Amino acid sequence: MNELYEKYIKKESLPTLFCPGCGNGIVQFAAIKAFEKMGIKDDLACVSGIGCSSWIPCYFKMDVMHTMHGRALPFAEGLKLSRPDKKILVFSGDGDCLAIGGNHLIHAASRNIDLTVIEINNYIYGMTGGQKSPATPEGSVTKTSPFGSYDEPIDGCSLVAAAGGTYVARWTTAHPVQLEKAIAEGIRHKGFSFIEVLTQCPVQAGKNIFGEKSPVAMMARYKEMTYIYKEGMEIPEGKVRIGKIKHDTSRKEYTEKVLQKLEEKNIKKGQSNG
Amino acid sequence: MDPEKPQKKDKKTAVLQGNEACAKAAIQAGCRFFAGYPITPSTEIIEMLSGEMQKAGGVFIQMEDEIGSACSIIGARWGGKKSMTATSGPGYTLMQEAIGFAAVTETPTVIVNVQRGGPSTGQPTMSSQQDIYQARYGSHGDYEIIVLCPSSVQEMYDFTMRAFELSEKFRTPVILLSDEVVGHMREKIIMKPLPKETIEPTQIYASSPREDFFKGANSMVEGQLHDELGRRIGHIAPKSGDFINKICSKITDNIKEIADVEAFCMEDAEVAILAYGSVARSSMNAIKLARGIKDDRVRAKFRIVKDLFVRGVPATIQTDYSHLKVGLIKVNTVWPFPEEKIQELARNVDMVIVPEMNTGKYCREVRRALWDKTVISMPKCGGEIHSPNEILDRILEEVWCK
């Protein structure tokens, strides 16, 4: 086993329940590499919801909370507010984050609370067997959209940027090095960070949406269908923007705001009497 | 100063609303995290704690909905802060999944439900006891839960404190099932502080990680059925079965310690009123009325005058309850159902009457426990509490019919 894996992964919990060719492993390793570089293992906790991608942190040798479908964010907010000195990383899928947990996402972003959310977007509900998700492209035939999906997909990055999230980035599993850097930057950023990762789900999305079952072909496709924005460039049509989308350090973080207000009012944090 | 002697500071009296007493008690019990969402008739709790909690050095957050509130208090407890939320009917329904999560992950936390009339939006400003089953069976799957039912402002204060104590000891969510009457009434109460040197209770676990987060213990909080290390066992049938048994029995095996059932005038009683929550108040007054116990709060005289207007003279003359030997069994911990205690207290009576502000739900449990007695359900829906005379009239009726 890889040295880093040995340090960060609970051997007794293996094997993972990811399908062969799944992109979750790439995200998992990118996160581990980011932890190692930052040396943050003991000051970080992971929270996740329900879905394939929410199993990513469950193998970590650290404090982990595997919670309810769509509710990873409120759990993480409670944890963060009770321990403002620590960092919280949230793993969530496209369905978990944008469908059932959409309201929590908007409000957490608007609070600009110091959480880092990794939204693993595989364009489909993988665990339940390939149903339409909020990120599924319009017209895709899935188990629950036999005549093609009628809904236009939701763009998580634009949503969070508009709601007030202060760090927004998007990468794919074909960009593991950039992804690792973005995760580190997101954790370091004081405020709500949102990193979307386009991952391949060869078993469900590959079969139903993209018509190809090879993970390699899917990753190549992700490289093809994305572009990195550079100042003044012509925006290619029909492609998805990747890279850092928003990085705003001017907005105050939520817990900082609370502490500042309490200081103004002369109330010390941790003061305890009835 | 003599430490034995109660000092002036230790005992505070105040006139408070039920909801305010609950908020004060939470802070007194060491709660340092409150998340909530405004909902009638529990709003005073969130209003009061929005300031008080922060003044006490705790955290207050108004969440986007009740689901968020229930989830964040669980997250906060794993961060090491005792936590609470307060809500009413519709909000309580939204919280059910999180309550199940707290039960399965053995997270101590307190959820206050100030009941209002349902179903749906129902009667936002009226009282009810309709959530008595939801408090017990609300979340899906099998689990046991502790539910406390206060009937006065003093009890709202005391039971909130006890709720925190029980939740920490048994590592379980505890429901404080209040109602609009208790939540909104104002009474004089004595605010007792916690003993200065509180011994941390030995905690009873079934099968979950024990350490809070950020203590280097690599705690794994898992909503699937899990082993002591938090690893999932949901796919292994025998282990999962054991888990369910363990998580239920840690409560049911300790019913004797949890159960709080009070008895009044039961020594020579022939008929018992079994009540909980605000209805226990009017039941208490019914007993005082029948037994001729003088109490300023029993406005028997006023009642007779009122009866003259409402029902005419003959009715008033007839209502003589002095020959009724009535007692009261007041259930403070409605769940887990204190079966043995109720059986023991009711062993000498022939008839038990169960007045409650719903369609007669708790009566079913009572009937099951007291199968050899005549158990009469006295349901009342609509939001009005039973009056003492109403209860006694019903008893008279039943005694005559017998």
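## Strand 4 of chain B and its neighbours

In this predicted model, strand 2 and strand 4 of chain B lie side by side as a parallel pair, held in register by three bridges. If you want to find the pairing in the 3D view, look for B:Phe33, which stands opposite B:Ser83 in strand 4 of chain B. Strand 4 of chain B also runs parallel to strand 5 (residues 109-115) of chain B, and four bridges join these two. Here a good place to look is B:Thr87, which stands opposite B:Asn113 in strand 5 of chain B.

Is strand 4 of chain B enclosed by the rest of the structure, or open? Six of the six residues of this strand, which covers residues 82-87, are buried, so strand 4 of chain B is largely enclosed by the rest of the structure. Both of its faces are covered. On one side sit B:Lys82, B:Met84 and B:Ala86, and on the other B:Ser83, B:Thr85 and B:Thr87, all of them buried.

## Chain B and its two domains

Now step back to the whole of chain B. It contains 16 helices and 15 strands, and 53% of its 402 residues are buried. Among contacts in chain B between residues at least 6 apart in sequence, 75% join residues at least 24 apart.

Chain B is divided into domain 1 (9-191) and domain 2 (263-401). Taken over C-alpha atoms, the centres of these two domains are 28 Å apart. Their contact takes 23 residues from domain 1 of chain B and 19 residues from domain 2 of chain B. On the domain 1 side, at least two residues each come from helix 6 (132-137), strand 6 (146-148), strand 7 (173-179) and helix 8 (180-184) of chain B. Helix 6 of chain B supplies the largest share of that side, with four residues. By class, the residues on the domain 1 side divide into twelve nonpolar, eight polar and three charged.

## A shared nonpolar core

Which residues have the most contacts inside the largest nonpolar core? They are A:Val90 and B:Val352, in a core of 198 residues. Helix 7 (residues 153-170) of chain B gives the largest share of this core, nine residues. Domain 1 and domain 2 of chain B both give residues to the core, so it lies between them.

Try clicking on B:Val352 to see its surroundings. Leaving aside residues up to four places away in sequence, B:Val352 touches B:Ala272, B:Leu274, B:Ala346, B:Val366, B:Leu370, B:Lys373 and B:Val375.

## Where the two chains meet

The contact between the chains takes 39 residues from chain B and 34 residues from chain A. Several elements of chain B give two or more residues to the side that touches chain A, among them helix 1 (18-28), helix 2 (43-55), helix 5 (96-105) and strand 9 (220-222). Which element of chain B gives the most to this side? That is helix 3 of chain B, with nine residues. Sorted by class, the side of chain B that touches chain A has 20 nonpolar, twelve polar and seven charged residues.

Strands of the two chains pair as well. Strand 2 (residues 63-66) of chain A and strand 9 of chain B run in the parallel sense and share three bridges. Within this pairing, A:Met65 stands opposite B:Val221.

## A look at chain A

Chain A has ten helices and ten strands. Its C-alpha trace spans about 60 × 45 × 35 Å along its principal axes. A compact globule of 274 residues would have a radius of gyration near 19 Å, and chain A agrees because its own value is 19 Å. Half the story is inside: 50% of the 274 residues of chain A count as buried. Of the contacts in chain A with a separation of 6 or more, 68% come from residues 24 or more positions apart.

Strand 8 (residues 193-198) of chain A has six of its six residues buried, so this strand is largely enclosed by the rest of the structure. A:Ser193, A:Ile195 and A:Val197 are buried on one side, and A:Phe194, A:Glu196 and A:Leu198 are buried on the other. Strand 8 of chain A runs parallel to strand 4 (residues 116-121) of chain A, joined by six bridges, and A:Asn121 stands opposite A:Leu198. Strand 7 (residues 167-172) of chain A also pairs with strand 8 of chain A in the parallel sense, over six bridges. In this pairing, A:Trp171 has A:Val197 as its bridge partner.

Key: Residues are numbered from 1 along each chain as its sequence is written. Chains are lettered from A and ligands numbered from 1 in the order in which they are written. This is a predicted model: local features need pLDDT of at least 70, side-chain atom pairs count only at pLDDT 80 or more; totals for chains, interfaces and linings use all residues. Domain bounds come from an automatic or database domain assignment. Two residues are in contact if their C-beta atoms, placed from the backbone, lie within 7 Å. Ala, Val, Leu, Ile, Met, Phe, Trp, Tyr, Cys and Pro count as nonpolar, Asp, Glu, Lys and Arg as charged, and the others, Gly among them, as polar. Two strands pair if DSSP finds at least two bridges between them. The radius of gyration is taken over C-alpha atoms; the globule rule is 2.2 Å times the number of residues to the power 0.38. A residue is buried if 20 or more other C-beta atoms lie within 10 Å of its own, exposed if 12 or fewer, and partly exposed in between; C-beta atoms are placed from the backbone. A nonpolar core is a set of buried Ala, Val, Leu, Ile, Met, Phe, Trp, Tyr and Cys residues joined through C-beta atoms within 7 Å.
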